[in-house]
Amino acid sequence: MNPAFSAFAALIRRDMILAYRNHHELANPLAFFLMFASIFPLAINPEPVFLQKMAPGIVWIAALIASLLSLENLFRSDYDDGSIEQWVLSPHPLALLVLGKVVAHWCMSGLPMLLLAPLMGLLLQMPPTSITIMEMTLLLGTPSLSLIGAIGVALTVGLKRGGMLLGLLILPLYIPVLIFATSAITAAASGLPVSGQLYFLAAMSLLGVSLAPWAIASALRISVS
Amino acid sequence: MLSVHDLEYIRGERLLFTELAFSLHPGEVMQIEGANGSGKTSLMRLVAGLGLPTEGAIRWNGICIRQCREAYCQSTVYLGHGLGIKSDLTPLENLQHALAISGLALPRKDAIRALADTGLDAFMEQPSRTLSAGQNQRIALSRLILHPGTLWILDEPYTALDRQGINMLNQLLERHSAKGGMAIVSSHQPVELQVPLRTLQLS
């Protein structure tokens with residue numbers, strides 16, 4: 001195996017092991033994701049017709065905030081214990097190593113969200129076709145969230161209280177994903193074609209995979225120097 | 001060979017050092033001395049390639065370390081204040097991970113042998129958070145045994161080590177120097193090696 005690729009795989013493996021040994025930290029953003037959906041009907045209106053209309057927005061806002069919460073500590077412990085310095089000094093491209101980090105993060109936050117979302121759809125009275133489309137928007141959209149978010153985290157990791165700043169920095173960048181994803185689900189509910197929105201989400205994720213690692217790597221270099 | 005030319009570094013508004021120049025040849029070990037805040041850690045980080053000096057150049061075999069990044073990273077081992085050790089991983093997992101990141105694909109038995117050499121054979125399978133600071137330091141030092149790099153940059157490697165650990169590290173440094181390796185070591189204690197030791201005083 002190519003040594004650069006094995007470093008990439010080693011980083012994913014390490015993060016998976018760490019997540020498995022600290023699974024409560026993994027569960028918190030997910031519990032938040034579900035909780036968010038269940039308090040909405042209580043606060044606004046439990047009428048099924050009304051909920052169906054609101055559901056795409058609720059699911060996606062919950063996804064954004066859950067992703068923000070789970071991202072906050074993406075590089076924190078690696079920054080504190082000096083791991084990032086070792087990545088920067090690795091002969092392998094830093095962009096590849098941070099991509100490994102983001103892939104691991106997505107597998108532990110985006111993927112479980114994908115698995116929980118149908119339950120949330122049922123709670124919000126979504127019709128089955130909308131649930132299918134919602135799953136597709138999450139599948140294509142959450143990688144963008146992890147990638148864009150990681151740029152913000154890499155920029156703020158050197159700050160003592162970067163949490164609020166992180167939100168201000170990356171929530172605006174999440175807006176295009178939010179718009180295309182919710183409009184796809186709404187269109188699906190009224191029987192309109194959704195492929196356009198889905199292509200856009202896929203394009204944003206692909207663009208993210210190819211460009212975000214370089215931005216994350218540069219931001220980390222600045223943060224450790 | 002490592003050579004440092006007219007290095008100047010300003011952190012915040014403070015000038016840490018200026019017109020600093022030295023070179024390090026194969027087999028040489030250099031100790032960096034200086035009071036707290038005199039810039040020892042900053043100097044070592046610059047030499048390792050973390051951060052840019054305000055003025056001056058650092059060259060590896062005559063080429064600026066920015067220009068030969070990959071080759072330079074392959075030939076250096078940097079141990080800073082943060083050891084890069086995850087407290088939820090065992091020493092063996094930590095070592096194997098660190099090696100993979102630094103581009104070495106070594107069999108598991110080599111990692112086990114290196115940990116045994118640093119005196120961690122009985123603790124190989126327990127989480128590093130249950131180990132003492134000195135034992136964590138030893139996990140980081142075990143990388144030195146396996147890494148083929150010729151330049152070691154060790155920032156305060158003696159902290160937290162017991163007397164036996166200090167002897168072990170000294171032996172590692174002596175063996176490294178005998179093989180033609182170079183090392184830069186910062187320490188507040190006198191370093192006692194069987195090989196000639198240079199010192200650089202930062203004020």
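Q: Two strands pair if DSSP finds at least two bridges between them; with that settled, in what order do the 5 strands of the parallel open sheet of chain B stand?
A: This is a predicted model, where local features need pLDDT of at least 70, side-chain atom pairs count only at pLDDT 80 or more, and totals for chains, interfaces and linings use all residues. Residues are numbered from 1 along each chain as its sequence is written, while chains are lettered from A and ligands numbered from 1 in the order in which they are written. Strands (E, at least two residues) and helices (H or I, at least four) are DSSP runs numbered from the N terminus. With parallel pairing, the 5 strands of this chain B sheet line up as 6-7-8-3-9.

Q: Which strands of that sheet have one side left without a neighbour?
A: Strands of a sheet pair through backbone hydrogen bonds, either parallel or antiparallel. An edge strand here has a single partner strand, so one side of it goes without a neighbour in the sheet. In chain B, that applies to strand 6 and strand 9 (197-202).

Q: Which residue stands opposite B:Val29?
A: Strand 3 (residues 29-34) and strand 8 (residues 182-186) of chain B pair in the parallel sense over 4 bridges. Across from B:Val29, in strand 8 of chain B, you'll find B:Ala183.

Q: At about what angle does helix 6 of chain B run to strand 8 of chain B?
A: Helix 6 of chain B packs on the sheet and touches strand 3, strand 7 and strand 8 of chain B. Angles run from 0 to 180 degrees between N-to-C directions, with axes being lines fitted to C-alpha atoms, for helices over the stretch in contact. Between helix 6 and strand 8 of chain B, the angle is about 150°.

Q: Which strands stand at the edges of the antiparallel sheet of chain B?
A: The 4 strands of this open sheet come in the order 2-1-4-5, with antiparallel pairing. Strand 4 (residues 55-60) and strand 5 of chain B pair over 2 bridges, and B:Arg59 sits opposite B:Cys64 of strand 5. The strands with a single partner, so with one side lacking a neighbour in the sheet, are strand 2 (14-24) and strand 5 (63-64) of chain B.

Q: How many residues of helix 3 of chain B are buried?
A: A residue is buried if 20 or more other C-beta atoms lie within 10 Å of its own, exposed if 12 or fewer, and partly exposed in between, with C-beta atoms placed from the backbone. Helix 3 (residues 91-101) is largely enclosed by the rest of the structure, and its buried residues pack against helix 1 (3-21) and helix 5 (83-88) of chain A together with helix 4 (108-117) and helix 5 (133-146) of chain B. Just after helix 3 comes B:Gly103, with a positive phi near 85°. The buried count for helix 3 of chain B is 11 of 11.

Q: How many residues of helix 5 of chain B are buried?
A: This helix is mostly covered, and its cover includes strand 6 (76-79), helix 3, helix 4, strand 7 (151-155) and helix 6 (163-178) of chain B. Among the buried residues are B:Ile139, B:Leu141 and B:Leu144. Of its 14 residues, the buried number is 10.

Q: Which element gives the largest share of the side of chain A that touches chain B?
A: Calling residues in contact if their C-beta atoms, placed from the backbone, lie within 7 Å, 23 residues of chain A meet 25 of chain B. Helix 1 and helix 5 of chain A each supply at least two residues of the chain A side. By class, that side has 10 nonpolar (Ala, Val, Leu, Ile, Met, Phe, Trp, Tyr, Cys and Pro), 5 charged (Asp, Glu, Lys and Arg) and 8 polar residues (the others, Gly among them). The largest share, 8 residues, comes from helix 1 of chain A.

Q: Is helix 3 of chain A roughly parallel or roughly antiparallel to helix 6 of chain A?
A: Angles under 35 degrees count as roughly parallel, over 145 as roughly antiparallel, 65 to 115 as roughly perpendicular and the rest as oblique. The axes of helix 3 (residues 48-71) and helix 6 (residues 94-123) of chain A come within 11 Å and cross at roughly 150°. That makes the two helices of chain A roughly antiparallel.

Q: How many nonpolar residues does the contact of helix 2 of chain A with helix 6 of chain A have?
A: The axes of helix 2 (residues 23-43) and helix 6 of chain A come within 10 Å and cross at roughly 25°, and the helices are therefore roughly parallel. Residues that meet include A:Leu26 and A:Phe33 in helix 2 and A:Met113 and A:Leu116 in helix 6. Alongside 2 polar and no charged residues, the nonpolar count is 12.

Technical notes
Contact = placed C-beta atoms within 7 Å. Pairing = 2+ DSSP bridges.
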